[in-house]
Amino acid sequence: MAKFFGVAIVMSGLLILLGYMGHHWGYWQLHFMDLALLGFFFLLTLLVHFINLGAVRESGQASVVMILLSMVIRLLLGGAFLLYLVYTNPVRTKIIVVEFFVLYTLFTAIEIYLVKKEIPS
């Protein structure tokens, strides 16, 4: 758990630094929505990681069902949050959607990799 939390914190910090540097160099505007999306994915991934770790420790067959269920929950909650962000700020729709899918992919890949390491061989 500590390893996952550390990786998620470091990755979030690097993404914030990348956003700040891009804003500083004039490539894009850093907006509050960007940080809200990053915070949302960090908290959602933390929640899903707890669910997946509990499932992996229980049993093999139930863990597969719980991992798939947690991915569906992540996708539904993420989609709802994406729709909310697009509704509240329609000017930045393209940027928000691209950021959403990049962050979704990054956080999901890290979460799957770290849960896979917890599965007993």
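**Aromatic residues around Phe107**

Phe107 is found in helix H4, and this residue makes a welcome starting point for a tour of the aromatic side chains in this predicted model. With a relative accessibility of 2%, Phe107 falls below the 20% limit and therefore counts as buried. Setting aside residues up to four places away in sequence, Phe107 touches Met11, Ser12, Leu38, Phe41, Phe42, Thr45 and Arg74. The chain also brings Phe107 together with a residue from far along the sequence: Ala8 lies 99 residues away, yet the C-alpha atoms of the two are separated by 7.8 Å.

Phe107 also belongs to a wider aromatic group. A search of the whole structure finds 8 aromatic pairs. Ring pairs join Phe107 into a cluster with Phe40, Phe41, Phe81, Tyr84, Phe100, Phe101 and Tyr104.

One of these pairs, formed by Phe41 and Phe100, deserves a look in detail. A pair of aromatic rings is described by the distance of the centres and the angle of the planes. For Phe41 and Phe100, the ring centres are 5.3 Å apart and the planes meet at 45°, so the pair is tilted. The two partners come from distant parts of the chain, 59 residues apart: Phe41 sits in helix H2 (residues 32-58), while Phe100 sits in helix H4 (residues 93-118). Both rings belong to buried residues, with a relative accessible area of 0% for Phe41 and 2% for Phe100. Phe41 ties the two parts of this account together, as this residue is a ring partner of Phe100 and is also among the residues that Phe107 touches.

Note on methods:
Residues numbered from 1 in each chain as written. Predicted model: local features only at pLDDT ≥ 70, side-chain atom pairs only at ≥ 80, totals over all residues. Heavy atoms only, no water. Phe/Tyr/Trp six-rings, centres within 6.5 Å; stacked < 30°, edge-to-face > 60°. Helix = DSSP H or I, 4+ residues; strand = E, 2+ residues; numbered from the N terminus. Buried < 20%, exposed > 50% of the residue type's maximum accessible area, 1.4 Å probe, protein only. Contact = heavy atoms within 4.5 Å.
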